Amino acid sequence: MAKSYDVIVIGAGPGGMTAALYASRANLSVLMLDRGIYGGQMNNTAEVENYPGFKSILGPELGEKMYASATQFGAEYGYGTVNSIELQGEMKLVHTDEGDFEARSIIIATGSEHKKIGIPGEDEFGGRGVSYCAVCDGAFFKNKEVVVIGGGDSAIEEGLYLTQLASKVTVIHRRDELRAQKILQDRAFANDKMDFIWNAQVTTIEGDDKKVTGVTYIDKATGETKEVAASGVFIYVGIEPMTSAFGDLGILTDAGWIKTDDHMATSVPGIYAIGDVREKDLRQITTAVGDGGIAGQEVFKYLQSILLALAAV
């Protein structure tokens, strides 16, 4: 038989751990499930400088501190890749590669992942100059030259953000025009710190034994191979929600994100979603933590309403 809990939190990033903290502190039995080590993308972040309470803290260290808080009131932690959720009346059966678990309420905190371009140097220099988040890492490149790869809204928005910090931002795009909204394009073209390289296919991220030094690209118009010197490379070729296990629940948008109300509730009673997996604008540790606190409280209210309904029968 599947082991039963009041709440199962799928994902143990900052949002999931906060939700587990709030739910377990309300005396609910909680299981956090994750396919890897707790902490989520914080484990790939060298330094966090925009989380309240710390001037600067290593991502994995912040993850350790959050995990200690999340489990102090009895929340359990388990490994497992979730394959699907089966609705059985009020109960939800969670199927994983490590077995089945059931609960009356579910909090989905599986996050999202940036699409990679799959070129040499991208993985090698991750955290050493290659980034997918200007808000997270832009401060490390003050008065330095950086490259932004992409031409959509995210690439241009983040490029504009970087101009407040970097000495120069070079946008490299594979086409001859941007895909970003016109208002963003107008702002970018009017910014003296932004430069553009068109019809270019980036082939390699270059670096020494410590950090990024630039990128190599092919000029598609001439076939020439060229280089651009840079201390940082910010890649924006798309972001994908990690929601493949939840397609049968009817809670996903056409793009695969989970739509919730302000209480983090989905259209399925007892199922909530928080953090980067939600349809939202800003995806940061702080916003995930805020979502987690709300969801942890909301599942308590939801379970209390079930108990009251049963008592009235």
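These legends walk through a few views of one predicted protein model. Local features are described where pLDDT is at least 70 and side-chain atom pairs where pLDDT is 80 or more, while totals for chains, interfaces and linings use all residues. Residues are numbered from 1 along each chain as its sequence is written, and side-chain values use heavy atoms, leaving out hydrogens and water.

**View 1. The whole chain, with 6 helices and 17 strands.**
Helices (H or I, at least four residues) and strands (E, at least two) are DSSP runs, numbered from the N terminus. Along its principal axes, the C-alpha trace spans about 75 × 35 × 35 Å. Of the 313 residues, 50% count as buried; buried means under 20% relative accessible area, exposed over 50%, and partly exposed in between (1.4 Å probe, protein chains only). Contacts, meaning heavy atoms within 4.5 Å, often link distant parts of the sequence: of those with a separation of 6 or more, 59% are between residues 24 or more positions apart.

**View 2. The disulfide between Cys133 and Cys136.**
A disulfide is a covalent bond between the sulfur atoms of two cysteines. Here the term is applied to a pair of cysteine sulfur atoms within 2.5 Å, and a search of the whole structure finds 1. The S to S distance between Cys133 and Cys136 is 2.2 Å. The torsion about their S-S bond is about 70 degrees, so this disulfide is right-handed. How buried or exposed are the two partners, Cys133 and Cys136? Cys133 counts as buried because its relative accessibility is 15%, whereas Cys136, at 29%, counts as partly exposed.

**View 3. Helix 4 and the elements packed against its buried residues.**
Helix 4 covers residues 153–162. Its buried residues are Ala155, Ile156, Glu158, Gly159, Leu160 and Leu162. Which elements do they pack against? The helices are helix 3 (134–137) and helix 5 (182–190). The strands are strand 9 (145–149), strand 10 (168–172), strand 11 (194–197) and strand 15 (232–235).

**View 4. Glu102 and its surroundings in strand 6.**
Strand 6 runs over residues 99–108 and includes Glu102. Glu102 counts as buried because its relative accessibility is 19%. Leaving aside residues up to four places away in sequence, Glu102 touches Ala2, Lys3, Ser4, Tyr5 and Ile8, together with Met91, Lys92 and Leu93. For a sense of scale, look across to Ile149: this residue is 47 residues from Glu102 along the chain, and their C-alpha atoms are separated by 43 Å.
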